[in-house]
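Here is a walk through one protein model, written for someone who would rather look at side chains than at statistics. Have the viewer open as you read.

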Amino acid sequence: MLGRMFDTNHLKRIVGGLLLLGSLVIAVFLIFSLAKDLASWGFGRQVSAVMVDRWTEETSDEGVREKTFQYFIKYQFKTEDGRLITRVSSVGAREWVGFGMPGESGIVYKEQETVPADDMRNAQLGNQVDVIYFPPIPEHNRLNDMRYIPLYVCLYIPTLALSLVGIRIGWSFVRSKE
C-alpha cells in the first residue's frame with residue numbers, strides 16, 4: 001500500500017492537482033482585480049474630492065528602533081446624481097509628504113532634502129484631491145492612480161500568462177495516464 005501511494009503517476013497527479021489549484025486561485029484573484037481596475041480605467045469618472053481628515057498610525061513593533069507608520073486620508077465627493085460618498089484611503093509616505101502633512105516622514109524627507117514634487121503638494125483639510133469612481137457603484141472609488149497603468153499592465157499580463165501556463169500544466173498532470 002505504501003509503495004502504491006508513492007507511485008510516480010500518483011505523485012504526478014497530486015503535484016498536478018496542487019499546481020492546478022494554485023494557478024486557478026491566482027487567475028481568479030487576478031481576474032477580479034483586473035475587472036475592478038478596468039471598470040475604473042475604462043468607465044470611471046474623475047471628480048475632485050474634499051479631504052476631510054488625515055492621520056497616521058504607528059505600525060512598528062514595541063522596542064523596534066526604527067518606527068514605521070501607515071498614513072490615511074479621508075475624502076468626500078458628490079456623484080453625478082448628488083450622493084455624498086466618503087472613503088478612507090491609505091497613502092504612502094511620499095504621497096503624505098506630497099500632501100504637505102506633518103509627521104515622521106516629513107522630517108525624514110526634509111533631512112534628506114528629497115521632498116517629492118507632487119501636484120497635490122501642501123494640500124490641507126478642505127483642499128481637493130483627484131478621485132476616480134465607477135458610476136454604477138460609486139462606493140468603488142479610489143485616489144486617481146492613472147499614472148500607474150503601465151506598471152499595472154506590466155504586472156497583470158505576465159502574472160496572468162504564468163497562471164494560465166500553470167493551469168495547463170496542472171491539468172495535463174492530472175489527466176495523465178502514465
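Let's start with charge pairs: the structure holds two salt bridges, a salt bridge being a side-chain nitrogen of Lys or Arg within 4 Å of a carboxyl oxygen of Asp or Glu. Before going further, note that this is a predicted model, where local features need pLDDT of at least 70, side-chain atom pairs count only at pLDDT 80 or more, and totals for chains, interfaces and linings use all residues. Residues are numbered from 1 along each chain as its sequence is written, and side-chain values use heavy atoms, with hydrogens and water left out.

Here are the two pairs side by side.

| Salt bridge | Closest N and O atoms | Separation in sequence |
|---|---|---|
| Glu80 with Arg45 | 2.7 Å | 35 residues |
| Glu139 with Arg83 | 2.9 Å | 56 residues |

Both bridges tie distant parts of the chain together. Glu80 sits in the loop between strand 2 and strand 3, and its partner Arg45 is in strand 1. Arg83 is in that loop between strand 2 and strand 3 as well, while Glu139 belongs to strand 5 (residues 137-143). Helices and strands here are DSSP runs numbered from the N terminus (H or I with at least four residues for a helix, E with at least two for a strand).

How open to solvent are these residues? Three words cover it: buried means under 20% relative accessible area, exposed means over 50%, and partly exposed is in between (1.4 Å probe, protein chains only). Glu80 counts as exposed because its relative accessibility is 60%. Arg45 comes in at 35%, so it is partly exposed. In the other bridge, Glu139 is partly exposed at 49%, and Arg83 is partly exposed at 37%.

Now step back to the whole chain. The protein has five helices and five strands, and from the N terminus they run α-α-β-β-β-α-α-β-β-α. Of its 178 residues, 29% are buried. The protein exposes about 12000 Å², with carbon and sulfur atoms supplying 60% of that; accessible areas come from the Shrake-Rupley method with a 1.4 Å probe, and for residues only the protein chains shown count as cover. Contact means heavy atoms within 4.5 Å. Among contacts with a separation of 6 or more, 58% come from residues 24 or more positions apart.

What sits in the middle of the strands' side chains? The largest nonpolar core has 13 residues, and those with the most contacts inside it are Ala49, Ile73, Tyr75, Phe77, Val129, Val131 and Leu143. A nonpolar core is a set of buried Ala, Val, Leu, Ile, Met, Phe, Trp, Tyr and Cys residues joined through side-chain atoms within 4.5 Å. Two or more residues each come from strand 1 (45-58), strand 2 (69-78), strand 3 (84-91) and strand 4 (128-134). Strand 2 gives the most, with four residues.Two residues from these strands are worth a click. Ser89 lies in strand 3 and is buried, with a relative accessible area of 11%. Leaving aside neighbours within four places in sequence, Ser89 is in contact with Tyr71, Phe72, Ile73, Tyr75 and Leu143. Tyr71, in turn, lies in strand 2 and is buried at 7% relative accessible area. Tyr71 and Gly92 are 21 residues apart in sequence, yet their C-alpha atoms are 6.5 Å apart in space.

On to the helical side of things. Helix 5 (residues 149-175) has 27 residues and reaches 38 Å from its first C-alpha to its last. That is close to the 39 Å expected at 1.5 Å a residue, where the expected span is 1.5 Å times one less than the number of residues.

Which residues of helix 5 are buried? They are Tyr156, Ser163, Gly166, Ile167 and Gly170. An α-helix has 3.6 residues a turn, so residues three or four places apart point the same way. The cover over the buried residues of helix 5 includes helix 2 (8-43).

Ser23 shows that packing from the other side. Ser23 is in helix 2 and is buried, with a relative accessible area of 7%. Setting aside neighbours within four places in sequence, Ser23 is in contact with Ser163, Gly166 and Ile167.

Finally, look at the surface. Leu19, Val165 and Ile169 make a nonpolar surface patch of about 210 Å². Patches are made of residues with over 30% relative accessible area and no salt bridge; like charges are joined within 9 Å, and nonpolar side chains (Val, Leu, Ile, Met, Phe, Trp, Tyr) within 5 Å. Val165 is found in helix 5 and is partly exposed, with a relative accessible area of 45%.
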